[in-house]
Structure formats: structure tokens, C-alpha cells
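Visitor: I would like a close look at a single part of this model, the loop between the two strands, and at how that part sits within the rest of the chain. Could you take me through it with some care?

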Amino acid sequence: MNMQITPPQKKAIESGEVVEIVVDQIECVVIRKDVYDREKQRMYDDSAWTEGEMNALASQSADAADDSSPIE
């Protein structure tokens with residue numbers, strides 16, 4: 001699929017800006033891949049949990065278990 005963009009849209013994309021478009025009545029955005037990759041990295045961390053994160057989750061789980069009613 002080859003998409004046609006206007007010169008102002010092309011200039012915006014080249015400068016790293018997001019360009020809003022509509023494709024078959026679906027609102028979309030076009031952004032340079034390097035900008036997307038950088039923002040994706042900033043927003044989502046799928047690395048292994050640190051020991052501190054695991055300890056915090058275990059503590060929260062234990063607190064929640066203490067606060068819950070016994071099963072009858």
C-alpha cells in the first residue's frame with residue numbers, strides 16, 4: 001500500500017511530529033519509526049523485575065491476604 005501525503009504532512013513527519021490521518025473512516029496517526037521506537041521504550045518496560053519490585057509485590061499480596069475475610 002502506497003499512501004499519499006501532502007508536502008506539509010511530509011515536512012511534519014520529517015521533523016518528528018505526529019500527523020493525524022483518516023483511513024476508511026478510522027482515525028490514525030503517522031509517525032517516524034525512530035520516534036515511535038523511542039516513545040515505546042519510554043512507555044513500556046518489559047524487562048525482568050528487580051528484586052525490589054518482586055519484594056514490594058509480595059508485601060502487597062501479603063497485606064491483601066491479611067485484610068481479606070476467611071473463606072467459609
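Guide: What follows starts from the whole chain, turns to the loop and its surroundings, and ends with parts that lie elsewhere along the sequence.

The model is a predicted one, and its secondary structure comes to 3 helices and 2 strands, which follow one another along the sequence in the pattern α-β-β-α-α. The radius of gyration of the chain is 23 Å, well over the 11 Å that the globule rule gives for 72 residues, so the chain is more spread out than a compact globule. Along its principal axes, the C-alpha trace spans about 65 × 30 × 20 Å. Buried residues make up 8% of the 72 residues, and of an accessible surface of about 6,800 Å², 53% belongs to carbon and sulfur atoms.

Against that background, the loop you ask about runs between strand S1 (19-23) and strand S2 (26-30), and Asp24 lies in it, as does Gln25. The backbone deserves attention here, and a general point helps in reading it. Most residues other than glycine have a negative phi. Asp24, although it is not a glycine, has a positive phi of about 50°, and Gln25, likewise not a glycine, has a positive phi of about 65°. With a relative accessible area of 70%, Asp24 is exposed; Gln25, at 78% relative accessibility, counts as exposed too. Beyond the loop comes Ile26, which lies in strand S2 and has a relative accessibility of 52%; because the cut-off for an exposed residue is over 50%, Ile26 counts as exposed.

The strands on either side of this loop also contribute to the interior of the model. The largest nonpolar core has 5 residues, namely Ala12, Ile13, Val19, Ile21 and Val30, and helix H1 (7-14) and strand S1 each supply at least two residues of this core. Val30, a member of that core, touches Met3, Ile13, Glu17, Val18, Val19 and Ile21 when residues up to four places away in sequence are not counted. Among these contacts of Val30 are Ile13, Val19 and Ile21, which are themselves listed in the core.

To place the loop region relative to the rest of the chain, two separations are useful. Ile26, in strand S2, and Asp63 are 37 residues apart in sequence, and their C-alpha atoms are 45 Å apart in space. The other separation involves Gln41, which has its place in helix H2 (residues 33-43) and, at 65% relative accessibility, counts as exposed. The C-alpha atoms of Gln41 and Ile5, 36 residues apart along the chain, are separated by 27 Å.

Further along the sequence, one surface feature completes the picture. Trp49, Met54 and Leu57 make a nonpolar surface patch of about 320 Å². Leu57 lies in helix H3 (residues 51-67), and at 38% relative accessibility it counts as partly exposed.

To return to your loop, then, its residues Asp24 and Gln25 link strands S1 and S2; Asp24 combines a positive phi with an exposed position, and Gln25 likewise has a positive phi and is exposed.

Conventions: Residues are numbered from 1 along each chain as its sequence is written. This is a predicted model: local features need pLDDT of at least 70, side-chain atom pairs count only at pLDDT 80 or more; totals for chains, interfaces and linings use all residues. Side-chain values use heavy atoms; hydrogens and water are left out. Patches are made of residues with over 30% relative accessible area and no salt bridge: like charges are joined within 9 Å, nonpolar side chains (Val, Leu, Ile, Met, Phe, Trp, Tyr) within 5 Å. Accessible areas come from the Shrake-Rupley method with a 1.4 Å probe; for residues, only the protein chains shown count as cover. A salt bridge is a side-chain nitrogen of Lys or Arg within 4 Å of a carboxyl oxygen of Asp or Glu. Helices (H or I, at least four residues) and strands (E, at least two) are DSSP runs, numbered from the N terminus. Buried means under 20% relative accessible area, exposed over 50%, partly exposed in between (1.4 Å probe, protein chains only). A nonpolar core is a set of buried Ala, Val, Leu, Ile, Met, Phe, Trp, Tyr and Cys residues joined through side-chain atoms within 4.5 Å. Contact means heavy atoms within 4.5 Å. The radius of gyration is taken over C-alpha atoms; the globule rule is 2.2 Å times the number of residues to the power 0.38.
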